[in-house]
Amino acid sequence: MVDKPLLNVLISSSGIPTTPLEKVREILYYLTSIQNYFGEWLELEGKEYGEISRKTGLVSSDELEPLVREAEKGGLLEIKADHSDGMNIIVTMNGWQFAEERKRQKTSNVAFIAMSFDLEMIQIYNNWIEPAIRESGFDPYIVLNQHSESDVTINDAILAGIKKAKFTIADFTHHKAGVYFEAGYALGRGQKVIYTV
């Protein structure tokens with residue numbers, strides 16, 4: 001018997017795009033990675049739809065064309081020629097910017113940590129979490145506090161940290177509401193979230 005809630009959590013934290021917006025971002029990221037230069041027209045034929053679909057995490061190649069058409073409506077790409085065998089497309093500057101966010105996330109070496117900051121948890125962070133992150137080749141990003149004179153609020157620092165990170169570690173010990181928010185925000189950005197307690 002499949003535990004559906006557990007399965008949904010595993011799928012949502014896998015990094016596989018599930019929403020149309022995430023899928024469009026993955027398609028644009030892939031298209032910009034195969035372009036030799038900005039402004040190059042890409043000729044996509046029906047046979048390539050399957051390969052693009054596999055590399056971008058689509059459920060089937062039937063998803064590709066409707067997503068490409070929506071991306072065109074949003075100004076993220078242009079379709080030059082549309083024929084029965086495929087289409088010629090170009091990624092616009094807006095599309096490149098949209099894809100760049102995914103590229104930065106894929107190449108980031110930052111790990112964002114969301115957790116309770118009582119004394120016991122700070123000791124666990126110092127003794128176990130931070131060393132494990134560093135040994136894995138990542139730089140931990142944790143927001144303990146901000147100086148009162150700073151122009152940056154704690155919320156700004158948290159959101160900026162999640163945006164910089166490749167993944168987020170969310171520790172649910174003590175069930176702090178902020179940790180749930182930060183994990184949800186990271187998931188909403190298509191980021192992998194590692195749950196601990």
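Which strands and which helix do the buried residues of α7 pack against? In this predicted model, the buried residues of α7 pack against three kinds of neighbour in the strand series, namely β4 (110-114), β5 (139-141) and β6 (167-171), and also against helix α8 (177-188). The residues concerned are A157, I158, G161 and I162, which are buried in helix α7 (residues 154-164). Seen down the axis of α7, these buried residues fall within an arc of 130 degrees, so they line one face of the helix.

**Strand β6 and its partners**

Strand β6, one of the elements against which the buried residues of α7 pack, has 5 of its 5 residues buried, so β6 is largely enclosed by the rest of the structure. Its side chains are divided between two directions, with F167, I169 and D171 pointing one way from the strand and T168 and A170 pointing the other way, and all of them are buried.

β6 pairs with β4 in the parallel sense over 4 bridges, and within this pairing T168 of β6 is the bridge partner of F112. Strand β7 (residues 192-196) also runs parallel to β6, to which it is joined by 5 bridges, and here I169 stands opposite I194 of β7. Between these two strands the chain crosses from β6 through α8 to β7, and this β-α-β crossover is right-handed.

The loop between β6 and α8 contains T173, whose side chain is joined to that of D171 by a polar contact of 2.8 Å. Leaving aside residues up to four places away in sequence, T173 touches S116, M121, T196 and V197.

**Salt bridges**

The structure holds 5 salt bridges, among them the three listed here with the distance between their closest N and O atoms or, for the pair in α6, the N to O distance.

| Pair | N to O distance | Helix |
|---|---|---|
| E65 and R69 | 2.9 Å | α4 |
| E70 and K73 | 3.1 Å | α4 |
| R134 and E130 | 3.2 Å | α6 |

In helix α4 (residues 64-73), E65 and R69 lie 4 residues apart, about one turn of the helix. Both are partly exposed, since the relative accessible area of E65 is 30% and the relative accessibility of R69 is 27%. The pair formed by E70 and K73 is also found in α4, where a spacing of 3 residues separates the two by about one helical turn. Their surroundings fall into separate classes, because E70, with a relative accessible area of 44%, is partly exposed, whereas K73, at 66% relative accessibility, counts as exposed.

Helix α6 (residues 119-135) holds both R134 and E130, which are 4 residues apart, again about one turn of the helix. R134 counts as partly exposed at 45% relative accessibility, and E130 is likewise partly exposed, with a relative accessible area of 22%; the value for E130 stands just above the 20% under which a residue is called buried. This pair belongs to a wider arrangement, in that E130, R134 and D139 are linked in a network of salt bridges.

Methods: Residues numbered from 1 in each chain as written. Predicted model: local features only at pLDDT ≥ 70, side-chain atom pairs only at ≥ 80, totals over all residues. Heavy atoms only, no water. Salt bridge = Lys/Arg side-chain N within 4 Å of Asp/Glu carboxyl O. Buried < 20%, exposed > 50% of the residue type's maximum accessible area, 1.4 Å probe, protein only. Arc of directions from axis to C-beta. Contact = heavy atoms within 4.5 Å. Polar contact = N/O pair within 3.5 Å; in protein donor to acceptor, adjacent residues only side chain to side chain. Pairing = 2+ DSSP bridges. Right-handed = clockwise from strand over helix to strand, strands pointing away.
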